[in-house]
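Please look through the sequence and the model shown here, and then follow the account below from the chain as a whole down to single side chains.

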Amino acid sequence: MLWVVHNKKGGVGKTTVAVHLAVALAQTGEQTLLIDADPQGNATDWLGLSMAPDVRDWILEGTDNIQPARPHLDILRNGPVSSRWWETVRPDQVAARLRLLLTRYQWIVVDTPPWDSTWHEGFLKYADGVVVPVALVHHALTGITPVVASLGKGRLIGILPLRYDGRTRRGPEMLARLKSVAGAWVIPPIRECVDVERASEAGQTIWEYQPRATAAEDYLVAIEWMREHWRMNHA
């Protein structure tokens with residue numbers, strides 16, 4: 001199963017979601033691969049590994065330099081390189097490489113970059129499902145409708161609200177606004193939690209860094225919702 005974490009806006013929390021989704025799936029004992037498809041290499045760094053252009057080599061040369069990251073979780077690392085190699089990649093190249101990996105893993109999770117390219121489109125084209133993270137702020141919500149429209153609800157798993165603060169009037173207002181647009185496709189939100197950033201700095205997931213944090217509970221609830229919602233809509 002290939003799930004892609006996608007939003008064209010930067011800074012909305014795609015990497016946070018991709019890392020925690022991949023780790024949670026792996027914790028069930030199912031073999032999982034995280035593909036760090038963003039050349040910034042943030043998912044690689046989050047899991048405490050050194051950055052390397054392994055995704056580039058995998059696509060362009062077929063080199064399979066997959067690294068173990070956690071029990072039942074492997075990663076194809078990424079990181080900055082001098083050339084913008086991804087601009088020349090065709091979607092069919094991505095498909096050919098993915099077919100081989102899908103025979104080895106029960107789950108593949110992809111962390112995508114915040115821009116359009118044929119490389120990016122390849123992952124979206126062949127995705128079984130797409131998770132769209134969105135920060136509960138005005139400018140992030142204004143772009144959510146075209147993103148959902150471009151995907152179609154056949155492949156949409158759900159929209160995951162991040163940085164939710166229910167202690168203020170603004171938080172519930174923004175969540176209600178998102179639900180007015182996306183309705184039943186809105187995943188239970190992740191509350192604002194400073195420990196998520198601290199976990200990233202430590203190269204750990206929120207469950208490893210502070211298992212009693214609000215976000216630790218919220219991510220478990222959100223990921224179980226994703227799996228159940230997917231089963232219900234693809235039975």
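The paragraphs that follow go from the overall fold to one strand and then to the aromatic rings.

The model is predicted, and its secondary structure comes to eleven helices and seven strands. For 235 residues, a compact globule would have a radius of gyration near 18 Å, and the chain, with 17 Å, agrees with that expectation. Taken along the principal axes, the box filled by the C-alpha atoms is roughly 50 × 40 × 35 Å. Of the 235 residues, 53% are buried, while the accessible surface comes to about 10400 Å², with 51% of that area belonging to carbon and sulfur atoms. Among contacts with a separation of 6 or more, 77% are between residues 24 or more positions apart.

A useful place to enter the fold is strand S5, which is mostly covered, since five of its five residues are buried. In a regular strand the side chains alternate between the two faces of the sheet. In S5, Trp107, Val109 and Asp111 point one way, whereas Ile108 and Val110 point the other way, and all are buried. S5 also has strand partners: four bridges join S1 to S5, and these two strands run parallel, while five bridges join strand S2 (residues 32–36) to S5, again in parallel. Asp111 appears in both pairings, as the bridge partner of Val5 and as the bridge partner of Asp36.

The aromatic rings come next. A pair of aromatic rings is described by the distance of the centres and the angle of the planes. How many aromatic pairs does a search of the whole structure find? The search finds three. In one of them, Trp3 and Trp107 are edge-to-face, at 4.8 Å centre to centre and with 70° between the planes. Because Trp3 lies in strand S1 (residues 2–5) and Trp107 in strand S5 (residues 107–111), this pair ties together parts that are 104 residues apart in sequence. Trp3 and Trp107 are both buried. Another edge-to-face pair is that of Trp85 and Trp86, with 5.9 Å centre to centre and 85° between the planes. Trp85 has a relative accessible area of 5% and is therefore buried, and Trp86, at 8%, is likewise buried, the cut-off being under 20%. Finally, Trp3 and Trp107 form one aromatic cluster together with Trp230.

Seen together, S1 and S5 are linked by four bridges and also by the aromatic pair of Trp3 and Trp107.

Notes
Residues are numbered from 1 along each chain as its sequence is written. This is a predicted model: local features need pLDDT of at least 70, side-chain atom pairs count only at pLDDT 80 or more; totals for chains, interfaces and linings use all residues. Side-chain values use heavy atoms; hydrogens and water are left out. Rings of Phe, Tyr and Trp (its six-membered ring) pair if their centres lie within 6.5 Å; planes under 30 degrees apart count as stacked, over 60 as edge-to-face and the rest as tilted. Buried means under 20% relative accessible area, exposed over 50%, partly exposed in between (1.4 Å probe, protein chains only). Two strands pair if DSSP finds at least two bridges between them. The radius of gyration is taken over C-alpha atoms; the globule rule is 2.2 Å times the number of residues to the power 0.38. Contact means heavy atoms within 4.5 Å. Accessible areas come from the Shrake-Rupley method with a 1.4 Å probe; for residues, only the protein chains shown count as cover.
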